[in-house]
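Dear colleague,

Please find the structure we spoke about below, with its sequence. My notes on what was found in it follow, and I would be glad if you read them with the model open beside you.

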Amino acid sequence: MACESSHRTRQAAAFFAATCLIICQVLKPGASARISRPRKVIFDHDGGIDDYVTLLLLLSAPDRVRVVGITILDADCRVELAWNTTLKLLHTLGHGHIPVAVSSLTAVNAFPDPWRNSVLSVDVLPLINDLTQEELAPLRLATPGEELMAQLLLGRGAPGGGGDAAAAAAAAGDNNNNNHHGNDGDGDDGDDEPITIVATGPLSNVAYVLRKYGAAAAARIREVWWMGGAMWVGGNVVEPGHDGSAEWNAYWDPPAVGEVWGWPSVPLVVVPLDATNAVPVTPELIYRLGRQARYRYSALAGTVWSRVVTWVYDRPNEPYYAWDTLTAACVLQPDLCEKLYDVQSYAVVAGASQGRTVPLAPSPEAAEAAAEAAAAAEGAGGAKGSCAAASPCAEQHGAGEVQRRRMEAEEADMRAALREEASEGGGGAVAVPSLPQQQQHLQQKQKQSHQERGEAEEVVWSATRGVTVVNHVDAEAFYAFVLQALRV
Ligand code: AGV
Ligand code: CA
């Protein structure tokens, strides 16, 4: 894709060349090494419908991941129910030893109640309800979820933590314990392997452990895989006072996103709407799971997803997506998902765009078009950048040139502002803005539009850091992977 075409381009403009550096690192299918031994995973979820299918997927592959603990946020669910539902699923599948705790952290912007209520439709499933309420009660950990996360990362004696994860895990290591790994369930099993956090809700728990335990916690995190954000596409928040640019997990707790962005030493892989928009939960997918319903994981996943399938009628333009499940699939099968590495980006943590994640590079498609346009311009005698988008000159240069002109127009005000600042005046060559300059300009621009709208609160921005972005997935490859994985 972009990689080959940008290699072909010998003389792209410097701005686009910088972008190309990022694009050319797209991981090609088959290029990554397989995971040789199961990696330890903390599953940090928020009780939505797809969070449970995600749990099934993570449990389906003990050769690749070992879930050492589960934390639940009171976000896209009613958390008391989500706690029970999670325990019931674990118990049903023989994973009752995994400690599960509920976070005490609360919303900045709460999820709509109808979405939160949908957990009930999973909790009541007869397939998972052989435990009584009385049998469930002792399986609930008293430790707050955010402290359980810290204990799992740092070991039982996390300073300030309750330290009861191991005891509770033992209590939860019920007579249905199917622990194939000799794991004591709290992640503190004598090896120093850093832990992967798969976060499929807001980033509140991750931000908490970094804030409270600092570099010690950061050093114990192998990677955070986060379903969240919207990089080059629009968000999915439709709320009064918000501009729609944010994804919901980010919007629930924007300051937490900002805090995690403030830890560049913690590797962060973002699975944003850019990728998840490609994987709606379709009736066909559920029928296919039904055809293999003799496998328990398939029967469960199909049944859980069937709770949202009527969305194809109710909300044809915005179906339910396999948001979180795609995130877990990318962890389990890295070459399923195309990635861009070291995408410099920041997050908006307050104001009308709160929760927005902002990349400082153009989208891969735009960068590719720009590189192609530069190559075409070169081929046509080097008359680059000298014609209007709809002119005969543009026709001569082809569609790529038109797109490049459009991008240039978008960048024009930034360049003009920078020129002004540097008091260079017009005429000379425009210097390529550095990333901090671009960021500063974007911040000023956003602040200005914010002020123009007369909003009282200050816009607050996170630091800029490099993140890995899963920017694309082939939907059929994803569905096929899920179907295969759930034959358990
Ligand atoms: O934005 C996607 C995140 C995912 O973690 N969640 C659902 C997934 O679990 C929030 C969300 C966005 N739109 C929703 C959501 C909807 N219409 N119903 C429920 N949750
Ligand atoms: Ca979720």
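**Notes on the model**

Trp-252 lies in helix H11, where helices (H or I, at least four residues) and strands (E, at least two) are DSSP runs numbered from the N terminus. This is a predicted model, in which local features need pLDDT of at least 70 and side-chain atom pairs count only at pLDDT 80 or more, while totals for chains, interfaces and linings use all residues. Residues are numbered from 1 along each chain as its sequence is written, chains are lettered from A and ligands numbered from 1 in the order in which they are written, and side-chain values use heavy atoms, with hydrogens and water left out.

To stay with Trp-252, this residue is buried, with a relative accessible area of 0%; buried means under 20% relative accessible area, exposed over 50%, and partly exposed in between, with a 1.4 Å probe and protein chains only. Leaving aside neighbours within four places in sequence, Trp-252 is in contact (heavy atoms within 4.5 Å) with residues that include Leu-73, Asp-74, Phe-111, Pro-202 and Ser-204. Its C-alpha atom is 9.8 Å from that of Val-237, which is 15 residues away in sequence.

Helix H11 brings us to the ligand. An oxygen atom of ligand 1 is 2.9 Å from an N or O atom in the side chain of Asn-249, and another such distance, 3.0 Å, is found to the side chain of Asn-236. For Asp-51, a polar side-chain atom lies 3.1 Å from an oxygen atom of ligand 1; a polar contact is a pair of N or O atoms within 3.5 Å, and within protein one must be able to donate a hydrogen and the other to accept it, with residues adjacent in sequence counted only if both atoms are side-chain atoms. Taken alone, ligand 1 exposes 430 Å², and the protein buries 98% of that, by the Shrake-Rupley method with a 1.4 Å probe, where for residues only the protein chains shown count as cover. Helices H3 (49–59), H11 (248–252) and H17 (323–332) are the elements that give two or more residues to the shell around ligand 1. In total 15 residues surround the ligand, the closest being Asp-50, Asp-76, Glu-247, Trp-311 and Asp-324, with a heavy atom within 4 Å as the criterion.

Turning to the interior, the largest nonpolar core has 75 residues, of which Ile-70, Trp-305, Leu-326 and Phe-478 touch the most other members; such a core is a set of buried Ala, Val, Leu, Ile, Met, Phe, Trp, Tyr and Cys residues joined through side-chain atoms within 4.5 Å. The largest share of this core, eight residues, comes from H3. Apart from it lies another core, of 38 residues, among them Val-206, Tyr-213, Ile-221 and Val-467.

Two further buried positions may interest you. Gln-354, in the loop between strand E7 (337–347) and strand E8 (357–359), is buried with a relative accessible area of 11%, and its contacts beyond four places in sequence include His-242, Tyr-251 and Val-349. Gly-258, in helix H12 (residues 254–261), is buried at 13% and touches Val-349 and Ser-462, again not counting residues up to four places away.

For the chain as a whole, there are 22 helices and nine strands, and buried residues make up 55% of the 488 residues.

With best wishes
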